[in-house]
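Here is a set of short exercises to work through with the structure on your screen. Try each task before you read its solution.

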Amino acid sequence: MGGFAKGLKVLEAFGVDRQRLSISEAADLSGLDRATTRRCLLTLAELGYADYDGKFFSLTSKILRIGHAWLSATPLPVLLQPHLDELSERLGHSASASILDNTEIVYIARAAQKRVMSINLMPGSRLSAYSASMGRVLLAALSDAEVDAILAASQLKAHTPRTLTDPSELKAEIARVREQGYAVIDQELEIGLCSIAVPIRNDRGRVVAAINVGAPAAILPAAELPAHCLPALREMQARLKPLLP
């Protein structure tokens, strides 16, 4: 089981901005020694989960089987998808749903009108929670101590000149999100993109996911998002609450 745990650490070293890794890079990111990392990477390549060009390793599409097993086993993505489709069609912009996984959000469902980000978001995609609208509403559902721990474990880097990276400013923003019940980001993830998100609660009041609407800032500026999108998002919150376990 120790070897399996090490293999998972190596897998987690890969990401949206870390799609090709050398042995030394994967070792640094996973916290394992080079020899152990090399064995794990070669095993992944032998099993078809990674490609190796002699210097760099990259994950193959076979890795999606692991994530698909979870997506197939949980009813949440299936339940949310038609509602996201309806929301996206109604507002004319992309709509997504995600859950929190440590310092990141994981997309579990998405309805895209058109591509508004340079990266292609889809179920299984991950983004840093601190700089994403869905991440902030999910963080706002946690205690202050939990938020502090997640921010401390996050690499608070500026994706754009607008990205909040100061922990005190982020905590103040998360407190504001907690009070108002929604989060808006204005080109913090990518220049030209803004979004608004709300939490999704089950019938016991526990936050189980977040949904958002993303739009080009040139078409729908961040300041106009609440007026344009919040009524539809609130309606979806109310509709989903009695349906979620």
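For strands, two count as paired if DSSP finds at least two bridges between them. The model used throughout is a predicted one.

**Exercise 1. The hairpin and its sheet**

Task: Find the hairpin of β7 and β8, and work out which residue between its strands takes a positive phi.

Solution:
- Start with the pairing: β7 and β8 run antiparallel and are joined by 9 bridges.
- For one bridge to check by eye, take Cys194, whose partner in β8 is Ala215.
- Now look at the link, where 5 residues sit between the strands and Gly205 has the positive phi, near 90°.

Task: Place this hairpin in its sheet by giving the strand order, and say which strands stand at the edges.

Solution:
- The sheet is open and has 6 strands in the order β5-β4-β3-β8-β7-β6, with antiparallel pairing.
- Each of β5 (126-128) and β6 (183-186) has a single partner strand, so these two stand at the edges with one side lacking a neighbour in the sheet.
- On average, neighbouring strands here are turned by 30° against each other, direction ignored.
- Step from the edge strand β6 to β7 (residues 193-201): the two run antiparallel with 4 bridges, and Ile185 has Ser195 as its bridge partner in β7.
- On the other side of the hairpin, β3 (residues 94-101) pairs with β8 over 5 bridges in the antiparallel sense, and Ser94 stands opposite Gly214 of β8.

Task: Decide how enclosed β8 is, and find the helix that lies across β6, β7 and β8.

Solution:
- With a cut-off of under 20% relative accessible area for buried, 10 of the 10 residues of β8 qualify, so the strand is largely enclosed by the rest of the structure.
- The helix is α9 (residues 225-240), and it runs at about 25° to β7 while lying across β6, β7 and β8 (207-216).

**Exercise 2. Two helix pairs**

As a reminder, two packed helices are described by the angle between their axes and the distance between the axes.

Task: Describe how α2 packs with α3, and classify the angle.

Solution:
- The axes of α2 (residues 23-30) and α3 (residues 34-46) are 9 Å apart, at an angle of about 110°.
- Angles of 65 to 115 degrees count as roughly perpendicular, and α2 and α3 are therefore roughly perpendicular to each other.
- From α2 the contact takes Ile23, Ser24, Ala26, Ala27 and Ser30, and from α3 it takes Arg34, Thr37, Arg38 and Leu41.
- Sorting the residues of this contact gives 4 nonpolar, 3 polar and 2 charged.

Task: Do the same for α6 and α8, then say how enclosed α6 is.

Solution:
- The axes of α6 (residues 133-140) and α8 cross at roughly 75° and come within 8 Å.
- That angle makes α6 roughly perpendicular to α8.
- Arg136, Val137, Leu139 and Ala140 of α6 meet Leu170, Glu173, Ile174, Val177 and Arg178 of α8.
- The residues of this contact divide into 6 nonpolar, no polar and 3 charged.
- As for enclosure, 8 of the 8 residues of α6 are buried, so this helix is largely enclosed by the rest of the structure; among them are Ser133, Met134 and Gly135.

**Exercise 3. Cysteines**

Task: Count the disulfides, and check Cys229 in particular.

Solution:
- A pair of cysteine sulfur atoms has to lie within 2.5 Å to count, and the count comes to 0 disulfides.
- For Cys229 the nearest cysteine sulfur belongs to Cys194 and is 8.4 Å away, and Cys229 is in no disulfide.
- Cys229 has 0% relative accessibility and counts as buried.
- Cys40, at 11% relative accessibility, also counts as buried.

**Exercise 4. Two threonines in loops**

Task: For Thr160 and then Thr60, find the loop, decide whether the residue is buried or exposed, and list its contacts away from its sequence neighbours.

Solution:
- Thr160 is in the loop between α7 (144-153) and α8 (167-180).
- Its relative accessibility of 7% makes Thr160 buried.
- Leaving aside neighbours within four places in sequence, Thr160 contacts Gln187, Glu188, Leu189, Glu190 and Ile191.
- Thr60 belongs to the loop between β2 (57-59) and α4 (64-73).
- With a relative accessible area of 16%, Thr60 is buried.
- Not counting residues up to four places away in sequence, Thr60 touches Gly48, Tyr49, Ala50 and Asp51.
- One distance to check yourself: the C-alpha atoms of Thr60 and Ala45 are separated by 8.9 Å, and the two residues are 15 apart along the chain.

Note on methods. Residues are numbered from 1 along each chain as its sequence is written. This is a predicted model: local features need pLDDT of at least 70, side-chain atom pairs count only at pLDDT 80 or more; totals for chains, interfaces and linings use all residues. Side-chain values use heavy atoms; hydrogens and water are left out. Axes are lines fitted to C-alpha atoms, for helices over the stretch in contact, and angles run from 0 to 180 degrees between N-to-C directions. Angles under 35 degrees count as roughly parallel, over 145 as roughly antiparallel, 65 to 115 as roughly perpendicular and the rest as oblique. Contact means heavy atoms within 4.5 Å. Ala, Val, Leu, Ile, Met, Phe, Trp, Tyr, Cys and Pro count as nonpolar, Asp, Glu, Lys and Arg as charged, and the others, Gly among them, as polar. Buried means under 20% relative accessible area, exposed over 50%, partly exposed in between (1.4 Å probe, protein chains only).
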